[in-house]
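This report introduces the structure shown below to a reader who has not met it before. It proceeds from a single pair of residues to the sheet, the aromatic rings, the nonpolar cores and the backbone.

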Amino acid sequence: MIDTDNIVALDVHVHAETSCTDPEDPVMGQYFDAASSYFKVSRQRPSMAETVAYYREQKVAFCLFTVDCEAGIGARRIRNEEIAQLALDNPDVVIPFASIDPHKGKLGAREARDLIENHGIRGFKFHPPMQNFDPGDKLAYPLYEVIAEYGLPAVFHTGHSGMGTGMKGGGGIRLKYGQPILVDDVAVDFPEMKFILAHPSWPWTDESLSMALHKENVYIDLSGWSPKYFPPQVVRYANGQLSDKMLFGSDFPLIRPDAWIAAAREVGFKEAVMPKLLKENALKVLGLARKN
């Protein structure tokens with residue numbers, strides 16, 4: 001169990017890029033390499049064990065997930081059970097999220113229920129551009145229904161995608177599916193779900209801010225960008241009307257949490273807002289906040 005008093009932050013956006021047991025899929029490797037070039041970071045991908053050790057040293061808990069995009073780009077996924085087992089073995093820092101390709105329909109919904117009931121999964125990750133689906137498409141509704149039934153959060157990639165950037169035809173990834181407003185219908189239809197719009201959502205930043213302001217069940221994680229590059233309205237709303245709706249996320253291994261936090265302290269977030277941003281808001285969304 002995570003000792004919430006002993007962590008300095010909770011990172012809601014961490015990727016598992018290498019399996020503990022299976023070799024890297026060469027198709028997925030191409031996309032990881034392109035993203036590494038885009039972010040100007042090493043192409044050497046940390047193992048899950050290395051990720052755990054790093055975060056434990058930093059005293060940062062984290063939500064860990066992979067992306068199941070078997071239909072979208074034809075890459076084999078890392079099994080969700082691996083993520084769950086890692087969390088079981090390291091409950092002081094790891095919060096397990098699952099990823100299921102929405103094209104799997106009712107079979108995917110069955111998998112989601114099993115992962116929640118028998119493997120301790122605490123949330124879900126969707127990457128509509130890589131999974132090649134409109135978030136509002138009814139094909140995903142059987143999966144959403146299960147997530148809503150258990151009142152769990154779901155992270156949705158929004159905005160530009162480093163995955164596919166620079167590849168021929170963008171690696172077949174359609175950026176239009178990253179438009180935040182496509183999640184709006186789903187947030188209406190599934191009010192029991194908590195929706196986390198990942199990244200500052202550029203070039204649709206104002207859409208995500210509007211949705212978080214309008215919908216009680218919509219939040220924003222600020223991963224994938226160094227805070228020094230944030231559009232100014234992100235900091236302005238974090239300091240004001242959305243101070244309870246913004247969550248810290250890094251997008252590790254592409255951005256390190258310590259580098260993100262250091263940059264965040266220099267861009268104008270109010271001193272009173274930083275604890276909310278780094279930990280308190282996420283604890284509430286994930287159901288880990290202590291009850292008075």
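In this predicted model, Leu197 stands opposite Ile220, a residue of strand β7. The two strands concerned, β6 (residues 194-198) and β7 (residues 218-221), run parallel and are joined by 4 bridges. Helix α8 (residues 205-214) packs on the sheet and touches β6, β7 and β8. The direction of helix α8 makes about 140° with that of β7.

**The sheet as a whole**

The open sheet is formed by 8 strands, with parallel pairing, in the order β1-β2-β3-β4-β5-β6-β7-β8. Which strands stand at the edges? They are β1 (9-15) and β8 (246-247); each has a single partner strand, so one side of each is left without a neighbour in the sheet. Another helix that packs on the sheet is α6 (residues 141-149), which touches β4 (123-126) and β5 (153-157). The direction of α6 makes about 150° with that of β4. As a general point, strands of a sheet pair through backbone hydrogen bonds, in either a parallel or an antiparallel manner.

**Aromatic rings**

The structure holds 17 aromatic pairs. One of them is formed by Phe65 and Phe97: the ring centres are 6.3 Å apart and the planes meet at 45°, so the pair is tilted. The term applies because planes under 30 degrees apart would count as stacked and those over 60 as edge-to-face. This pair links distant parts of the chain, as Phe65 belongs to strand β2 (residues 60-65) and Phe97 to strand β3 (residues 94-98), 32 residues apart. Are these two residues buried or exposed? Phe65 counts as buried, at 0% relative accessibility, and Phe97 is buried with a relative accessible area of 1%.

One aromatic cluster is formed by Phe126, Phe133, Tyr141, Tyr144, Phe156, Phe190 and Phe195. Tyr141 of this cluster also has the charged end of Lys138 over its ring, 4.8 Å from the ring centre. A similar arrangement can be described for another tyrosine: the charged end of Lys245 sits over the ring of Tyr219, 5.1 Å from its centre.

**Nonpolar cores**

The largest nonpolar core has 66 residues. Which residues have the most contacts inside this core? They are Phe124, Tyr144 and Trp260. Helix α6 gives the most to this core, with 6 residues. Tyr144 touches Phe126, Phe133, Pro135, Phe156, Val186, Phe190 and Met193, when residues up to four places away in sequence are not counted. Among these contacts, Phe126, Phe133, Phe156 and Phe190 are also members of the aromatic cluster that includes Tyr144.

A second, separate core has 19 residues, including Ile95, Ile196, Tyr219 and Leu283. Tyr219 is thus named both in this core and as the ring beneath the charged end of Lys245. In soluble globular proteins, nonpolar side chains tend to be buried together.

**Backbone features in the loops**

Most residues other than glycine have a negative phi, and most peptide bonds are trans. The table lists residues that depart from one or the other of these patterns.

| Residue | Backbone feature | Loop |
|---|---|---|
| Pro203 | cis peptide bond with Trp202, omega about 10° | between β6 and α8 |
| Pro253 | cis peptide bond from Phe252, omega near 10° | between β8 and α10 (257-264) |
| Lys59 | positive phi, near 60° | between α2 (48-58) and β2 |
| Asn132 | positive phi, near 55° | between α5 (128-131) and α6 |

Lys59 counts as partly exposed, at 43% relative accessibility. Asn132 is also partly exposed, with a relative accessible area of 29%.

The loop between α5 and α6 also contains Leu139. Where does Leu139 stand on the scale from buried to exposed? Leu139 is partly exposed, with a relative accessible area of 28%; the value for a buried residue would have to be under 20%. Leu139 touches Pro102, His103 and Gly105, residues up to four places away in sequence not being counted. The C-alpha atoms of Leu139 and Pro128 are separated by 12 Å, and the two residues are 11 residues apart along the chain.

Methods:
Residues numbered from 1 in each chain as written. Predicted model: local features only at pLDDT ≥ 70, side-chain atom pairs only at ≥ 80, totals over all residues. Heavy atoms only, no water. Pairing = 2+ DSSP bridges. Contact = heavy atoms within 4.5 Å. Axes fitted to C-alpha atoms, helices over the stretch in contact; angles between N-to-C directions. Phe/Tyr/Trp six-rings, centres within 6.5 Å; stacked < 30°, edge-to-face > 60°. Buried < 20%, exposed > 50% of the residue type's maximum accessible area, 1.4 Å probe, protein only. Lys NZ or Arg CZ within 6 Å of the ring centre and 35° of its normal. Core = buried A, V, L, I, M, F, W, Y, C linked by side-chain atoms within 4.5 Å.
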